[in-house]
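Open the model in your viewer and keep the selection panel at hand. The tour below goes stop by stop through chain selections.

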Amino acid sequence: MSLSHRGRLLAGSLAFLLALSGGVFADSEPAAEIPETLEARIDALEAELHRLRAELAELRAEGEATPSAPAARAASGSVFNPDLSINALTTLTFDSRDLSDARFGVDEIEVALSGVVDPFASYFASLVFRDDEVEIEEAYATLPHLISPLSLTLGRRLVPVGLWNPLHKHAWPLNNEPLVVQSFLGAPHLLGTGATFEGTWGADTAFTLLGGVATAVESSQFTEDGLEHPLWYARMQGFREQGTGGLQVGLNVLHGPVNPEATLGATTWGLDAKWRTGSAAQQNRTLLQAEYWRNERDGLLSNFSGQGAYLLAERQVAREWTLGGRIEFADDSFGAERTDRWSLAATWQPSEFQRWRLQLDQIDGRDEQVTLQSLFTLGPHPAHPF
Amino acid sequence: MSRLLSMFTQSLLVLLLLPVLAGSAQADSPVRVITTTTDLAYFAQSIGGERVTVEALARPTEDVHHVQVKPSLLAKLNRADLFIRIGLDLEPWVDALLLRVTRSSVRPGGVGYLVAGTGCHLLDAPTGRVDRSRGDVHPAGNPHCWLDPHNAAKIAQAACDALIRVDPAGRALYEANCAALIVRMKSAMAEARALLKQVPDARVIQHHASFVYLFKALGLQVAGTIEPQPGIAPGAGHLARLREQIATEQIRAVVTEPSLNQRTARSVAEQGGALLVTLGQHVDSLPGTGSWEALILENTRRLVTALKGAE
């Protein structure tokens, strides 16, 4: 299918969705009349109601006389400022191949701005200072009910497939990304500029469908030779709530051209599962997470075909301490260039806003690397998804 | 490529059909109320009666400051007619949901969106420069305000007003039920105060500042806090000073709650010579606390038992 056909399909779908959305904004049905059995009770309580109304009026007047702090902030006008947060990641690295070559540096500083634009949209933007360069990592608007029940996200963002890729670096459960994410999505992320539709339905069992199209942004197989062809992606996800946590499984697919003429493409499939339970306050938070990705490239470019997976476990053992580990592999060309790695990490988090993590990685049973990473957070950052 | 496009088109068609199906299921249904806490759910259910269905997003024994942003929470919010939260920085995770919720009426500014804590009288509002050197401080004041009877009445009234906004036909029922609820709450608090009169020395050590409103309403005095700053774990020196304070001042009870790990609180109580008391800050967080009134009375009974038992 040519690009123009895809464009028409997308435009047609958009128009249809917009037409349908009109009904969603209609007023709800008027509620039923009061059941007769309640009338006697209402009569008996009317006198009491009058007395309580007077009392409540007094309470209200009292409240108005002493405005709460948010009210005072609103009056000052600062409430309209976007939320600003800074996450500073610093890493000290030792490599077993050359212990004298310890590297210490600011890994990344993320400056994030978020806020509500108007009743119909919100905006998030993050600037990342990395390796003496400044990059706009994300800058996107979310229009949550323009075409209800689907939300629409427009702009540049971490492509929302899999479990690892949508997480900001400071929210990773370990200091480095999995090999398979590095190989087939991007290092450190797969970024794209485009549009994503997303919908979530259900209750304790929830289903999410999302699909989108974007132009991939550097550091991935979809961006070689400065490609600007569209990358299509979709994710289907099921979630079952269990206490304070739950079990989530997802199926992902990405497809895009990998040569300038767009005659050859790559399709990347992924399966993921995540189970989380417990809570930080009760000091029993547990996380199990796994992803499997399979990459298939057309024609002669099979050196990027392959597969890979990781299994990650994390357990909070005390209020401030968490232990974690990961085993993983990634094959390029289905076994020709297989890499195995395991990692162990101990994380100390004295408050919500400071974290230290010591991690040991062993690659292919010989090369070892130790990293000590610190994270300092300033300001309010939007909560990350499950 | 064709296989991918086919899958994508099929997914879109499913998505397009869903609003139609969802719309047909909404006719003549009760008002769907989603709240952040079980306390708010109890208020909404008591006021709304059979005209509403109510569900809380946070579990009663969950730390309401740190709820996971689960897909199921978004799915529930997407179907709500009315969403009630305390606000006051109590539930920061809600903001991540509100950015994504597709139901416009339950977003800030919508007819079905209520920040119920706005009108409450708040304690412990910080003065001077507010920053994180004070720990997980709440700039507006302590947000655990629903355990105060006056604040609870204001929250109930705000919930009643919100229900009337989204369902005007239920006004008479809502107002009557709200009045009855406030009467029950006042009565329960009077009974609790009478129970506590049996205790001559009502000083306690608290784990987290979750019960300052209840303690104030009951006339209890907080002599110390296990967390040196909100959300900050205590060091060995701080715990040693607390144990010494308990022993020298003969403080009789250390108060904790189900959402917190109780190892530290238990060791402070045992080594200092006080009793550990587990109180519930949310409806249904303890056995037999299915209502706000029952929660207040059960908390008071536990306090009285511990404080008298240590005599």
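**First stop: a parallel sheet in chain B**

Select the strands numbered 5 to 8 in chain B: these 4 strands make an open sheet, ordered 6-5-7-8, with parallel pairing. The model is predicted.

Next, pick residues 221-225 and then 275-278 of chain B, which are strand 6 and strand 8. These are the edge strands, and each pairs on one side only. From one strand to the next, the twist averages 35 degrees.

Now add residues 203-206 of chain B, which form strand 5. Strand 5 of chain B runs parallel to strand 6 of chain B, and 4 bridges join them. To see one of these residue pairs, display B:Arg203 with its bridge partner in strand 6, B:Gln221.

**Second stop: another sheet in chain B**

Move to strands 1 to 4 of chain B, where 4 strands form an open sheet in the order 2-1-3-4. The pairing here is parallel.

Select 52-56 (strand 2) and 113-115 (strand 4) of chain B. Each of these edge strands has a single partner strand, so one side of each lacks a neighbour in the sheet. The twist in this sheet averages 20 degrees from one strand to the next.

Then select residues 82-85 of chain B, strand 3, which pairs with strand 4 of chain B in the parallel sense over 3 bridges. Show B:Ile84 and its bridge partner in strand 4, B:Leu114.

**Last stop: a helix on the sheet**

Finish with residues 38-48 of chain B, helix 2, which packs on the sheet. Which strands does helix 2 of chain B touch? Helix 2 touches strand 1 (31-35), strand 2 and strand 3 of chain B. The direction of helix 2 makes about 175 degrees with that of strand 2 of chain B.

Terms used
Residues numbered from 1 in each chain as written. Chains lettered and ligands numbered in written order. Predicted model: local features only at pLDDT ≥ 70, side-chain atom pairs only at ≥ 80, totals over all residues. Heavy atoms only, no water. Pairing = 2+ DSSP bridges. Helix = DSSP H or I, 4+ residues; strand = E, 2+ residues; numbered from the N terminus. Axes fitted to C-alpha atoms, helices over the stretch in contact; angles between N-to-C directions. Contact = heavy atoms within 4.5 Å.
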